[in-house]
Amino acid sequence: MEKLESEMESMGLQSSDDDLDQAEDLCRETDVPFQEKVDTADSWRETINKVVPAVVVLRVTACRSFDTELPSSGSATGFVVDKQRGIILTNRHVVKPGPIVAQAIFVNHEEIPVYPIYRDPVHDFGFFRYDPGAIQFLNYEEIPLAPEAACVGLEIRIVGNDSNEKVSILAGTLARLDRDAPTYRKDGYNDFNTFYIQAASGTRGGSSGSPVIDRQGKAVALNGGGKNNRSSSSSAFFLPLERVVRTLKLIQKGKDSNMSRWGTVFISRGTLQVTFRYKGFDEVRRLGLKRETEQMVRQASPTGETGMLVVHSVVPGGPSHTKLEPGDVLVLVNGEVTTQFLKLETLLDDNVDHEVELQIERGGTSLTINIVVQDLHSITPNHFLEVSGAVIHPLSYQQARNFRFHCGLVYVSDPGYMLFRAGVPRHAIITKFADVEILQLEELISVFSKLSRGARVPLEYISYKDRHRTKSVLVTMDRHEWYDIPKIYTRDDSSGLWIARPAIPLNSLLLASCVSDLGQGLKNEMSELSCEYTVVENMPQVNDMELTNSITSMDANYDHDSKGAYFGDENDVSTKTQVLGDLSRSGIGLVDSSSCEIGEIKLEDPMIMESANSSPHESTTKAATNGLFPECVIEPSLVMLEVNVPPSCLLDGVHTQHFFGTGVIVHHSQEMGLVAVDKNTVAISASDVMLSFAAYPIEIPGEVVFLHPVYNYALVAYNPSALGALGASMVHAAELLPKPELSRGDTVYLVGLRSLKAISRKSTVTNPCLSLHVSSSDPPCYRATNMEVIELDSDFGNAFTGVLSNEHGKVQAIWASFSSSAKPKSGGSLPFVRGIPIYMVSQVLDKIISGGDGPSLLINGVKRPRPLVRTLEVELIPRLLSKARSFGLNDDWIQALVKKDPIKQQVLRVKGCLAGSKAENLLKQGDMVLAINKEPVTCFQDIENACKALEKCGDNDGKLSLTIFRQGHEVDLLVGTDIRDGNGTTRMLNWCGCILQYPHPAVRALGFLPEEGHGVYVTKSYRGSPADRYGLCSLRWIVEINGRPTPDLDTFVSVTKELGSEEFVRIRTIKLNGRPQVLTLKQDLHYWPTWELRFDPDTAIWRRKIIKALQ
């Protein structure tokens, strides 16, 4: 597969005898093909013409992370081995162990769906089935398998989809038949207990599963992988076909060619859970093999035998655990000399669930050991639990061997959202949940069924990277309906699908009525579980928190080059995860997270670390003793916010899941508390917010109630009753000082949090009205515009946020983090910090407290009208009057503008209008805004004040009377303003694995919306989805489905509801640059149903609704 092959290319080659932790420099396809002699081409032409029609391109999409594989979309090769029954042979890493959707493309471009019928648990081969009757226009014959024909010196051809070129023919010569199985990844799939065939022939991406044919057109081996070495010749590794032939015969016996339906075919496979390595006689002699034993083995073995099998590793808890040890030399199995992998596997497959007698030599001592052969399929998982985006299943034999854990333990293949939020990495083994020991997946499901939404419970896990220490985290059950109910998926080999069913009763996860009920709900749940632990809301202190690295999130599919998603310990999307408090009995453990990216660089400072021995009052006492007076006054009003965005709803161009920042309490009463914070911390309303208070050690949830449509701040509400009587008395709102505004040279105090303790420094204002200009980001996401911010002579760096106050502790500004333009795939750039004058916040705050004029929102059980913001949707930037004069602005206007503001001496110039705004067709780029209602305009605040005046008078239908300067002439215009709420995006669709929404302001700021309709904007697509498979990438509009216009989401829903699950859809899209594109896509309602997520203001809950899915 393309994904695996690309991953293999970067690995370094190690000796085949090295431990699995040292990965070889192997790839599934590599380097430059062998150049054959011209005079041999004619002799191969007839063979190639016969073989090529039976070779197919396989397009495979892995829909879920499972076992050793990750969600991905790519292509590989297969070939027909049974034309009558419709059977295609390829690699196991192509068939994959988990849910997939695949199709085969024959040489004449006929495409047919294929379904997996078998993937070997150990060796790298598997089979697809297809309907032979579906191929109508191609004459082809199956390729016979001839493993006995493989020999050293045999000239071969590799026919396949090399470098994704559909048909490539590469030449080579078999050099070895006894190479050790290549080691590709220490945490992924690896073949073992078999020889591989080696040839000096390079193959590249897409040729996995290609037939290795001889001059007679027979397949002598199966292409598996290769070694990438640019400094020397490349090598290709082929899987011998003896075990493939055995399996194919069993499948053929189980399938009567006249039957129309495939049934489940049982392939007997036995294991001792031991990895053997083939060692030469000299080496096994050094391991202690006795001379007489060697002579007996040589006499009983075929001529030319060169070595014996030696135990390399034993899986803990397996049938050979405590019986066999590394270094044991295998001599006899059931009385037969066994020196070859093939003979050993044959004996094991024939004795499943029976005892075999092994004679070994350990350090020169002969031992006879009896071991029961285990059914290999019984330790190969065929089901998984999907909950909150996480994929959890029993630990497979493959990963148990890699990580040296017991088979069957509860393994996290993908942490999803809920576990990711808690800090649980991929590859974790869950050992305890809600104080219940977890040994099997069913035990984990039982605990889930007893919890309610919003419950917070401890979880313990171990990781193969730190296997000797248990780590403890706090898991918060989703309160919003970000994901579908927990489901169990079970593999059905007869259909080739994974069948889903609810994992727990539908009424098990009850939604808590409000946040204040959370603590009592948790107590009730834990009494049902007969466990004791402290509810976080009632904890007298906050435990230490540790911050380290590991988990990943889904990256936005901005380009379609890289087809595989990686959720491993080294991440493709960086996030920071921090856990406050540990409710487990065993104390604090290490929390795995990952490295930092744009939007979250602030994490280095705001780590929440409270001494377990400190009293609730100690923080305030120390501040009063050692801190500056403003610091002591402001500290009780400071809050640390931890914000998590579910991967299922990364809206508005947000590409990061985890954020931290400092906020300030601007309102605190018995009914409601409000925290002001920058939008680089709270980017969208579709998120989970947790608040930690500097004044009192407690962590409670918050809800986003207002996102300013222009300015860089948001308001988050919390329930004061959740603080308890003591906490509510210690926390208070900051005193705001909107007037007088700061001036240059004023002394201010920068106060913020570090380790949840207030720190401060005295600074001087160098520029109280710096005009902010942030260039457009790629991809489009929120950036502050039309703002004048405050600049200081000194601060704590770009990672530190807080407030600016005077010497009395009155807040004059928010010291906020601003997002700079950056591409997430390039690693991003550092954000920067500036001050937001507090008057920008207080104006909206007054409306929320007194009641705005917008739609109502449920806040702490009370419906409150939200404020509306009237704005001129035009991006403006200042221009010096000296420059304006050069453009022809006359002296009268220059003098009038200087008189209005003698310090700035500037005029506002139009950079662009937001597409779809009322000003779009009236104002043009380069226009200079001179006056509103004949009053000179010099700054952004003048524009805002004019918009507010419209709200009071209600005249002109919300239009401003502007005087502008355009191309040397004064022009008077009536320009409409737009009314925006502070909701942000409150509705999204997930169709075929892509997120659809109305275009957010950052997209509209580009100045373009398609004329055909702009209401269906693709903001993200997910790996392993139909959108990923067929190239429906993000950053575009869908304007037509099967020729029917889709101008808005409602129309899109009605059109797509009429489509069938396996129906191909013709889609017309328009990219951000205006370029149209037409593509086709097949819906997959089985794995990717169509669903909608809406914010319900009456309950303040995000509700999920299935629009169309297979029943």
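## Around Phe-693

Once neighbours within four places in sequence are set aside, Phe-693 is in contact (heavy atoms within 4.5 Å) with Leu-638, Val-639, Ile-665, Ile-698, Ile-700, Tyr-718, Leu-723, Val-731 and Leu-756. Bear in mind that this is a predicted model: local features need pLDDT of at least 70, side-chain atom pairs count only at pLDDT 80 or more, and totals for chains, interfaces and linings use all residues. Numbering starts from 1 along each chain as its sequence is written, and side-chain values use heavy atoms, with hydrogens and water left out.

## Two cores

Phe-693 also turns up with Leu-641, Leu-691 and Leu-715 as the residues touching the most other members of the largest nonpolar core, which has 96 residues. Such a core is a set of buried (under 20% relative accessible area, 1.4 Å probe, protein chains only) Ala, Val, Leu, Ile, Met, Phe, Trp, Tyr and Cys residues joined through side-chain atoms within 4.5 Å. Helix 15 (residues 839-850) gives the most to this core, namely six residues; helices here are DSSP runs of H or I with at least four residues, strands are E runs of at least two, and both are numbered from the N terminus.

A second, separate core holds 51 residues, including Phe-79, Val-94, Ile-117 and Ile-143.

## Two barrels

Strands 31-32-33-36-35-34 form a closed six-stranded barrel with antiparallel pairing (at least two DSSP bridges per pair). Strand 32 (residues 658-668) is joined to strand 33 (residues 673-677) by four bridges, and Ile-665 has Val-675 in strand 33 as its bridge partner.

Another closed barrel of six antiparallel-paired strands runs 2-3-4-7-6-5. Strand 6 (residues 111-119) and strand 7 (residues 126-129) run antiparallel and share four bridges, with Pro-116 opposite Phe-128 in strand 7.

Note on methods
Buried < 20%, exposed > 50% of the residue type's maximum accessible area, 1.4 Å probe, protein only.
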